[in-house]
Amino acid sequence: MSVPTETITAIKSYHNHAQDLVKNYLLSDPFIPYTSILTGIFLCKVVFDLFHFISNSHSKTYIILTKIQRIEWNNRGISTVHAIFISVAAVYFVFWSDLFSDRWHNDLVVFRSSPLSSFCLGVSIGYFLADLGMISWLYPSLGGLEYVVHHALSGVAVAYSLFSGEGHLYTYMVLISEITTPEINLRWYLDTAGMKKSSAYLINGVVIFLGWLVARILLFIYMFYHVYLHYNQVIRMHIFGYLLVFVVPAALGVMNLIWFSKIAKGVKKTLAKRW
């Protein structure tokens with residue numbers, strides 16, 4: 001069946017208008033911080049509603065949960081989607097992109113950024129704002145003080161990096177740690193579904209232990225080593241950005257070590273029961 005010429009012309013016109021909208025507004029440098037943050041908040045709402053719709057239709061566990069548990073179920077869906085998005089972006093920028101490569105650029109690595117790297121950071125800020133709002137609204141049902149501190153530190157650091165253009169590399173190095181979030185959320189889902197004694201729960205615990213060790217312990221050590229090697233550049237950052245490079249990762253690192261000790265004890269206890 002042939003498509004009328006008018007229809008093809010109209011489709012091309014809409015396509016061109018969409019491209020212009022993205023290029024001139026959504027990914028235009030002056031608007032990126034604002035459009036990306038709003039996009040992140042909007043996507044949180046979309047994902048929350050999608051998880052509610054899908055879970056209410058296909059999950060036997062979801063329909064018997066309390067109102068607060070349902071909210072947490074959907075909220076963990078948001079954090080899982082965000083974690084996958086930002087960890088993939090972070091791994092790409094840190095290890096595969098030429099943006100922060102010393103081989104292809106002569107300018108200082110601490111001042112490098114791109115429209116795409118800025119947009120991804122803005123989406124992440126939108127998530128942190130939305131999630132922090134949910135945690136505060138239902139405090140302490142969705143998380144205690146440690147979650148508030150974690151989100152506040154992360155949000156401030158990412159926001160400074162976005163609006164100043166400084167330290168994108170180190171911000172993404174820290175954000176790679178979000179790769180452990182889906183496993184943490186899966187553990188909660190398995191527990192809520194009454195599968196705490198299943199093999200999936202055991203395997204999940206081991207994966208969390210290994211992922212946490214790599215992404216939240218060893219990677220932080222690598223980040224500080226990178227800062228040491230590029231200290232002559234780091235010291236040229238604004239004093240606030242300079243402090244954030246050390247204070248935020250150090251504070252998050254301490255929290256990661258505390259949580260890691262609890263994870264290790266939990267895995268050891270579970271394995272001892274099995275064998």
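**Entry: the nonpolar patch**

I began with the surface and noted that helix 3 (67–96) and helix 8 (199–229) each supply at least two residues of a nonpolar patch. The model I am reading is a predicted one, and I keep that in mind for every entry below. I then looked up the members of the patch, and found that Tyr92, Phe95, Trp96, Leu116, Tyr222, Tyr225, Tyr228 and Leu229 together make about 970 Å² of nonpolar surface. Which helix gives the largest share of the nonpolar patch? I found that helix 8 does, with 4 residues.

I picked out one member, tyrosine 92, which is found in helix 3. Its relative accessible area is 41%, so I entered tyrosine 92 as partly exposed, and this fits the patch because members need over 30% relative accessible area.

**Entry: the chain as a whole**

Stepping back, I counted the secondary structure of the chain and arrived at 10 helices and 0 strands. Read along the sequence, this gives the pattern α-α-α-α-α-α-α-α-α-α. For the dimensions, I noted that the C-alpha trace spans about 65 × 60 × 35 Å along its principal axes. I also looked up how much of the chain is covered, and of its 275 residues 44% count as buried.

**Entry: two helix pairs**

I returned to helix 3 to see how it meets helix 6 (residues 168–175), and found that the two axes come within 8 Å and cross at roughly 135°. That angle makes helix 3 oblique to helix 6, because only angles over 145 degrees count as roughly antiparallel. I recorded the crossing of helix 3 and helix 6 as left-handed.

How far apart are the axes of helix 8 and helix 10 (residues 239–274)? I found them 9 Å apart, with the two helices packing at an angle of about 155°. Helix 8 and helix 10 are therefore roughly antiparallel to each other, and their crossing, too, is left-handed.

**Entry: salt bridges**

I searched the whole structure for salt bridges and came away with 3. Side chains of opposite charge can pair when their charged atoms come close, and I went through the pairs in turn.

In helix 2 (residues 32–58), lysine 45 and aspartate 49 are 4 residues apart, which means that about one helical turn separates them. Their side chains meet in a salt bridge with an N to O distance of 3.3 Å. Aspartate 49 has 34% relative accessibility, so I noted it as partly exposed.

The next pair lies in helix 3, where arginine 76 and glutamate 72 are also 4 residues apart, about one turn of the helix. Here the side chains meet at 3.0 Å, N to O. Are these two residues buried or exposed? I found that arginine 76 is buried, and that glutamate 72 is buried as well.

The remaining pair joins the side chains of arginine 112 and aspartate 107, at 3.3 Å from N to O. I checked the cover of both partners: arginine 112, at 3% relative accessibility, counts as buried, whereas aspartate 107, at 41%, counts as partly exposed.

**Entry: a cis peptide bond**

I next looked at the backbone around proline 140, which is found in the loop between helix 4 (115–137) and helix 5 (145–164). The peptide bond that runs from tyrosine 139 to proline 140 is cis, and its omega is near 0°. I marked this bond for the notebook because most peptide bonds are trans.

**Entry: distances along the chain and in space**

I then compared separation in sequence with separation in space for two pairs of residues. Serine 117 lies in helix 4, and at 0% relative accessibility it counts as buried. How many Å separate the C-alpha atoms of serine 117 and proline 33, which are 84 residues apart along the chain? I read the separation as 11 Å.

For the other pair I took phenylalanine 85, which is found in helix 3. With a relative accessible area of 33%, phenylalanine 85 is partly exposed. Phenylalanine 85 and isoleucine 63 are 22 residues apart in sequence, and from C-alpha to C-alpha I noted 28 Å between them.

Note on methods
Residues numbered from 1 in each chain as written. Predicted model: local features only at pLDDT ≥ 70, side-chain atom pairs only at ≥ 80, totals over all residues. Heavy atoms only, no water. Patch = residues over 30% accessible without salt bridge, like charges linked within 9 Å, V, L, I, M, F, W, Y side chains within 5 Å. Areas by Shrake-Rupley, 256 points an atom, 1.4 Å probe, with all protein chains shown as cover. Salt bridge = Lys/Arg side-chain N within 4 Å of Asp/Glu carboxyl O. Buried < 20%, exposed > 50% of the residue type's maximum accessible area, 1.4 Å probe, protein only. Axes fitted to C-alpha atoms, helices over the stretch in contact; angles between N-to-C directions. Parallel < 35°, antiparallel > 145°, perpendicular 65-115°, else oblique. Left-handed = near helix turned anticlockwise from the far one by under 90°.
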